[in-house]
Amino acid sequence: MKFPERFSNLPAYAFPRLRALLDHLDPGGPVVHMTIGEPKHAFPEWVTEEITQHAEGFNKYPPNDGAPELLLAIAEWIKRRYDVEIDPTTQVMALNGTREGLYNSAMALCPETKNGKKPLILTPNPFYQVYAVASASVGADPVFVPATDLSGHLPDFNLLPAEQLDQVAIAYICSPANPQGAVADRAYWANLIGLAEKHDFKIFADECYSEIYREAPPVGALQVASEMGVGAERILAFHSLSKRSNLPGLRSGFVAGSPENISHIKQLRTYAGAPLPLPLQSAAARAWRDEEHVVENRRMYAEKFDLADEIFEGIDGYRSPKAGFFLWLPVEDGEAAAVKAWTETGVRVLPGAYLSRDVAGENPGRKFIRAALVAPKTEVSGALRKLRDCLYDKKD
């Protein structure tokens, strides 16, 4: 029996590729993991209390779309954060982590054809890999749009010809961007929303890093659409507690948009979803209602970014991120740099090419490495100084 060919051209996922690259080599010092974006700051103590107090909920099947208390807490947070009114019963759905939503929303909303042709899905390059898998799953052709220094590390969709944009069904965009930390401003969102209106496509706004910023809070897609008077049918906004609240294992996120879009996603999730257990939904509801722990979390990341700016001062091509918790560090070759850092220092980083695709013989991530600033400050400080000494100063 044959296997499906639609996934045959997918490269190995980033972390198996990294293991194949490094695991047969001995580390050159105490191991420091800076590869995966898994927050290490402490989550609020009351999370455990909430789960314990509502433990009887493990004896029940959870609501597939999210418990009313959680959906209300999310809608209230959207109002506080973006000043956008969302109906918790029709315009928001709880997710078992946003990866599920970013994938299944394409399954639910991408048409089989667009203007009589195979649909296109726009994807930043580099990007979060689930975007490309979603394209393959729905039978759409992905279009990898460079997000490089020339475009402010956000994709410039204006460069695409009008006939290609007319074939687009979905545009993925991550702001703050993973891996570069770039932030879409009001003008960027307004331009993209205008393109979506003109060429009739939906915007999947991956805003999972929205609460980890250094200065002003990043504007959101729903916020700008509301300011423009554009209906929510153009936008699907995805958020998570993983980064905001240091709760990646809670697997709690949400998608918000128009009632029509959300109803289609809900219909698919009835069959294919995995709802969050009720005790975890109770903890998530409280997390969305509390900002104190988020402010402290943001403060700790800001300290580490200031430290990174100090350590990499003077490095040609170093770009201080505005948000998120990654460094996108320029090198001659990402794989070679990752091997060198591992074998000489024990610091483990991710080659940028593992987060990008080759287009016309070019890979926009090839000359970068990604380093996640998720560990405690002292550990991050030592690791970054080792990277500077190993990858930059020795070249002088």
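**Figure 1. The largest pocket of the predicted model.** The largest pocket holds about 560 Å³ of space. A pocket is an open set of points on a 1 Å grid over the protein atoms alone, where a 1.4 Å probe fits, with protein on both sides within 12 Å along at least five of seven lines; the volume is the space filled by probe spheres set on the points, which are joined across faces, edges and corners. Its lining has 27 residues, and Gly37, Arg99, Tyr128, Tyr209 and Lys243 are the closest to the centre; lining residues have an atom within 4 Å of a point. Helix 1 (14–22), helix 4 (98–109) and helix 9 (241–244) each give two or more residues to this lining. Helices (H or I, at least four residues) and strands (E, at least two) are DSSP runs, numbered from the N terminus. By class, the lining has 14 nonpolar, 7 polar and 6 charged residues. Here Ala, Val, Leu, Ile, Met, Phe, Trp, Tyr, Cys and Pro count as nonpolar, Asp, Glu, Lys and Arg as charged, and the others, Gly among them, as polar.

This is a predicted model, in which local features need pLDDT of at least 70 and side-chain atom pairs count only at pLDDT 80 or more, while totals for chains, interfaces and linings use all residues. Residues are numbered from 1 along each chain as its sequence is written, and side-chain values use heavy atoms, with hydrogens and water left out.

**Figure 2. The second largest pocket.** About 260 Å³ of space lies in this pocket. Among its 14 lining residues, Val183, Glu215, Ala216, Pro218 and Lys322 lie nearest the centre. The lining divides into 8 nonpolar, 1 polar and 5 charged residues.

**Figure 3. The open sheet of 7 strands**. The strand order is 2-8-7-6-5-3-4, with mixed pairing; two strands pair if DSSP finds at least two bridges between them. Strand 2 (92–95) and strand 4 (141–146) are at the edges with a single partner strand each, so one side of each has no neighbour in the sheet. Strand 3 (residues 120–125) and strand 4 run parallel and are joined by 6 bridges. Leucine 122 has valine 143 in strand 4 as its bridge partner.

**Figure 4. Helices packed on the sheet.** Helix 7 (residues 186–199) touches strand 5 (168–174), strand 6 (202–206) and strand 7 (235–240), and its direction makes about 150° with that of strand 6. Contact means heavy atoms within 4.5 Å. Angles run from 0 to 180 degrees between N-to-C directions, with axes fitted as lines to C-alpha atoms, for helices over the stretch in contact. Helix 10 (residues 259–272) touches strand 2, strand 6, strand 7 and strand 8 (253–256), at about 35° to the direction of strand 2.
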